[in-house]
Amino acid sequence: MISENSSSIIRSFLIGSEKCPVCGSIALTYLHLYQAPHNETVAIVTIKCDKCGFKYSTVLSIATSFSDNKCIEIEVSDPQDLRTLIYLSDNTTIEIPDIGIKVDLSQLRLGSIVTVDAILSYLVEWIENAQHIENNDEFAKTLLLLKSLLDENIDRKIKIVIRSDNGVGIINSYRKNYSRC
Ligand SMILES: [Zn+2]
């Protein structure tokens with residue numbers, strides 16, 4: 001039994017709003033993530049209407065939902081795309097082909113549920129830590145591009161390719177900015 005007061009809660013997100021099916025006013029949609037036994041991540045999506053009190057929850061087992069999905073390509077061309085919420089399992093590789101970046105998730109300190117901007121900031125940190133090995137113009141350009149994306153100055157769209165044999169998936173996105181690969 002998973003309760004909303006459970007200590008195993010990882011994070012909660014406000015992911016959007018929709019029309020309340022009872023009274024028709026705006027109801028908010030929340031996503032709560034929990035760590036269930038056997039290391040399974042479970043998401044509970046809750047729709048709540050403050051006006052009439054309507055509440056609906058649905059439970060989603062994330063690892064099971066995404067286990068067949070081995071590769072996902074995300075386009076970042078709008079500030080909203082930075083808030084795309086992604087599930088990453090073990091053995092995940094993150095690649096930005098346009099700028100020649102390819103990193104194993106084990107080299108970054110990322111959790112299993114992350115946003116695109118979290119991935120980009122960890123990549124910035126990773127490049128900055130690697131700079132003492134090979135400090136050159138290419139690195140500087142890449143850093144500048146990643147930092148401008150994080151500042152929501154998106155004048156050049158980029159593609160992020162995420163691969164894992166154990167499954168990857170999009171939990172929430174504000175536009176249809178992804179596809180399977
Ligand atoms: Zn309502």
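Visitor: When does a charge sit over a ring?
Guide: A charge counts as sitting over a ring if NZ of Lys or CZ of Arg is within 6 Å of the ring centre and within 35 degrees of the ring normal. In this predicted model, lysine 48 lies over the face of tyrosine 30, at 5.7 Å from the ring centre.

Visitor: And which ring does lysine 176 lie over?
Guide: Lysine 176 is placed over the face of tyrosine 178, with a distance of 4.0 Å from the ring centre.

Visitor: How many aromatic pairs are there?
Guide: The count is 1 aromatic pair. Its members are phenylalanine 66 and tyrosine 87, whose ring centres are 5.9 Å apart.

Visitor: Why does that pair count as stacked?
Guide: The ring planes stand at 20 degrees, and planes under 30 degrees apart count as stacked, so phenylalanine 66 and tyrosine 87 qualify.

Visitor: Which parts does the pair tie together?
Guide: Phenylalanine 66 belongs to helix H1 (residues 62-66) and tyrosine 87 to strand E6 (residues 85-88), so the pair links parts that are 21 residues apart in sequence.

Visitor: Are those two residues buried or exposed?
Guide: Phenylalanine 66 and tyrosine 87 are both buried.

Visitor: Turning to the metal, what are the protein donors of the zinc ion?
Guide: They are the SG atoms of Cys20, Cys23, Cys49 and Cys52, lying 2.3 Å from the zinc ion. Along the chain, the donors follow the spacing C-x2-C-x25-C-x2-C.

Visitor: What is the geometry of the site?
Guide: The site is tetrahedral, with angles of 105 to 113 degrees among the 4 donor atoms.

Visitor: Is cysteine 20 buried or exposed?
Guide: Cysteine 20 is buried, because its relative accessible area of 4% is under 20%. Cysteine 23, at 35% relative accessibility, counts as partly exposed.

Methods
Residues numbered from 1 in each chain as written. Predicted model: local features only at pLDDT ≥ 70, side-chain atom pairs only at ≥ 80, totals over all residues. Heavy atoms only, no water. Donors = N, O, S within 2.8 Å, 3.2 Å for Na, K, Ca; no water. Tetrahedral: all angles 85-135°; square planar, octahedral: opposite > 155°, others 65-115°. Buried < 20%, exposed > 50% of the residue type's maximum accessible area, 1.4 Å probe, protein only. Phe/Tyr/Trp six-rings, centres within 6.5 Å; stacked < 30°, edge-to-face > 60°. Helix = DSSP H or I, 4+ residues; strand = E, 2+ residues; numbered from the N terminus.
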